Amino acid sequence: MIFPIAGRPLCIAVALSLGFGIRLFAQQPFQFPTANHALYDVGDELKFLAPTAPDKPWTTGSFGCVRSDGHQMHEGLDIRCLQRDRHGEPTDPVMATADGTVVYFNTRPSLSNYGNYIVVRHVIEGLEIYSLYAHLREIRPGLQVGQPVKAGEVIATMGRTSNTSETITKDRAHVHFELNVLVNDNFASWYKKAFSGQRNDHGEWNGQNLDGLNDHEILLAEHNPVTKFSLLNFLRGQTELCRVFVRATNFPYLKRYAALVLPNPRAEKEGVAGYEIALNYNAVPFALMPRAASEIQGKARIQLLSVNEANQMANPCRHLVVKRGSHWQLTDSGIRELEMLIY
Ligand SMILES: [Zn+2]
């Protein structure tokens, strides 16, 4: 033992970092949801991702403003199938990406563009993350809501179910895989109010209430043998699309993602009148700063404080903000996203 004072934990850490440097960070929070791991084969992305059409680039199967020439968001990865039955239908087992609990599944494909899908809740570094697996052929018989699942446990079979008029062809068979934050437990009642008369068949497990994180970046960052991946640092390190103020002090996101709330002694002393929130281009709130009444200008309940123009130009597809003349403002969908957050 080189450092007797430090005791056993340091010894183990030293041994690991000296002898098993690469393996030190092998236990990462998220695993691939199928046996297809070809994401790491740089230049061979088409082995991993299913593009929207044979003549489209692999990026159309990845996360981001990648659809409709950059105008449409794709909130996950379309991971290509590796095995098929004699009819050419996909048969890849789909596995839970991390230890978690099944919170929802839909077995009526006609009710969602996700077709048959499963949502699993995980707690990672104190953060609630919801993985979603879509277009499934079959959900594992006997699987139940509330059931705990282990990372790598088979939960479904890959398929190509969806309710869109354009079907998923056999050659494009894939699992659509998302890693999300949950926006609001009160989503169902907010939706009823905001979209009166429109159906919401999936309660709070409606895709609108799940804001996708860039799972392509996450899976790549986890693979880095030098830097230990931290989901919390990943979230805190998001690029800001815009900064807003909301005159609301008690909404579920503050508790669910308490680690993203920043300290502000002045607001703590004078009383919190609202929150200044940084959003990334997919509307994920990743930094929330309490503000005192004395720090706020204007009376509006929701205010746009600033826009990162370069980020908006690069990732415009959520249409959260728009420039009118020389002024930026929140769009209707930007306001709706914030109304949903604070409802
Ligand atoms: Zn997809």
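Visitor: What do the buried residues of helix 3 pack against?

Guide: Three neighbours: strand 3 (77-80), strand 11 (174-182) and helix 4 (231-236). One thing up front: this is a predicted model.

Visitor: Which residues of helix 3 are the buried ones?

Guide: In helix 3, residues 215-222, they are D215, H216, I218, L219 and E222.

Visitor: What makes you say that the buried residues of helix 3 line one face?

Guide: Look down the axis of helix 3: its buried residues fall within an arc of 165 degrees, so they line one face of the helix.

Visitor: Why is N214 said to cap the N-terminal end of helix 3?

Guide: Check the distance. A side-chain oxygen of N214 lies 3.2 Å from the backbone nitrogen of H216. A polar contact needs N or O atoms within 3.5 Å, so that pair passes.

Visitor: Let's go to the metal. What makes H74, D78 and H176 donors of the zinc ion?

Guide: Their atoms NE2 of H74, OD of D78 and ND1 of H176 lie 2.0 to 2.1 Å from the zinc ion. The cut-off for a donor here is 2.8 Å, so these atoms count. Along the chain, the donors follow the spacing H-x3-D-x97-H.

Visitor: Why is H74 called buried?

Guide: The relative accessible area of H74 is 5%. Buried means under 20%, so H74 fits the word. D78 gets the label too, with 2% relative accessibility.

Visitor: And Y114, where does it lie?

Guide: You'll find Y114 in the loop between strand 5 (100-106) and strand 6 (116-124). Its relative accessible area is 13%, which is under 20%, so Y114 is buried.

Visitor: What does Y114 touch, leaving out residues up to four places away in sequence?

Guide: Y114 touches L132, A134, H135, T161, H176, E178 and G207. H176 is also one of the zinc donors.

Visitor: How do you know that the side chains of Y114 and E178 make a polar contact?

Guide: The contact joining those side chains is 2.7 Å. The limit is 3.5 Å, so it qualifies.

Visitor: How far apart are the C-alpha atoms of Y114 and R160?

Guide: They are separated by 9.1 Å, although the residues sit 46 places apart along the chain.

Visitor: On to the sheets. Why are strand 15 and strand 16 called edge strands?

Guide: Picture an open sheet of four strands in the order 15-14-13-16, with antiparallel pairing. Strand 15 (285-292) and strand 16 (302-307) each pair on one side only, and that is what earns them the name. Neighbouring strands in this sheet are turned by 20 degrees against each other on average, direction ignored.

Visitor: How do you know that strand 13 and strand 16 pair?

Guide: Count the bridges. Two strands pair if there are at least two, and strand 13 (residues 242-246) has five with strand 16, so the pair counts. Its sense is antiparallel. C242, for example, stands opposite V307 in strand 16.

Visitor: Which helix lies across strand 13, strand 14, strand 15 and strand 16?

Guide: That's helix 8 (residues 332-342), which runs at about 120 degrees to strand 16.

Visitor: What about strand 8 and strand 10: how many bridges do they share?

Guide: Two bridges, in the antiparallel sense, with strand 10 covering residues 154-157. The requirement is at least two, so they just make it. I139 stands opposite A156 in strand 10. The open sheet they belong to has three strands in the order 4-10-8.

Visitor: What sets G325 apart in the hairpin of strand 17 and strand 18?

Guide: G325 takes a positive phi near 65 degrees, in a hairpin with two residues between the strands. Strand 17 (residues 321-324) and strand 18 (residues 327-330) pair in the antiparallel sense over four bridges, and V322 has Q329 as its bridge partner in strand 18.

Visitor: Last one: is N264 buried or exposed?

Guide: N264 has a relative accessible area of 7%, under the 20% limit, so the verdict is buried. N264 lies in the loop between helix 5 (252-256) and helix 6 (265-270). Not counting residues up to four places away in sequence, N264 touches M289, P290, R291 and E295.

Key
Residues are numbered from 1 along each chain as its sequence is written. This is a predicted model: local features need pLDDT of at least 70, side-chain atom pairs count only at pLDDT 80 or more; totals for chains, interfaces and linings use all residues. Side-chain values use heavy atoms; hydrogens and water are left out. Donors are N, O and S atoms within 2.8 Å of the metal (3.2 Å for Na, K and Ca); water is not among the atoms, so sites may look incomplete. Buried means under 20% relative accessible area, exposed over 50%, partly exposed in between (1.4 Å probe, protein chains only). Axes are lines fitted to C-alpha atoms, for helices over the stretch in contact, and angles run from 0 to 180 degrees between N-to-C directions. Contact means heavy atoms within 4.5 Å. The arc is that of the directions from the helix axis to the C-beta atoms. A polar contact is a pair of N or O atoms within 3.5 Å; within protein, one must be able to donate a hydrogen and the other to accept it, and residues adjacent in sequence count only if both atoms are side-chain atoms.
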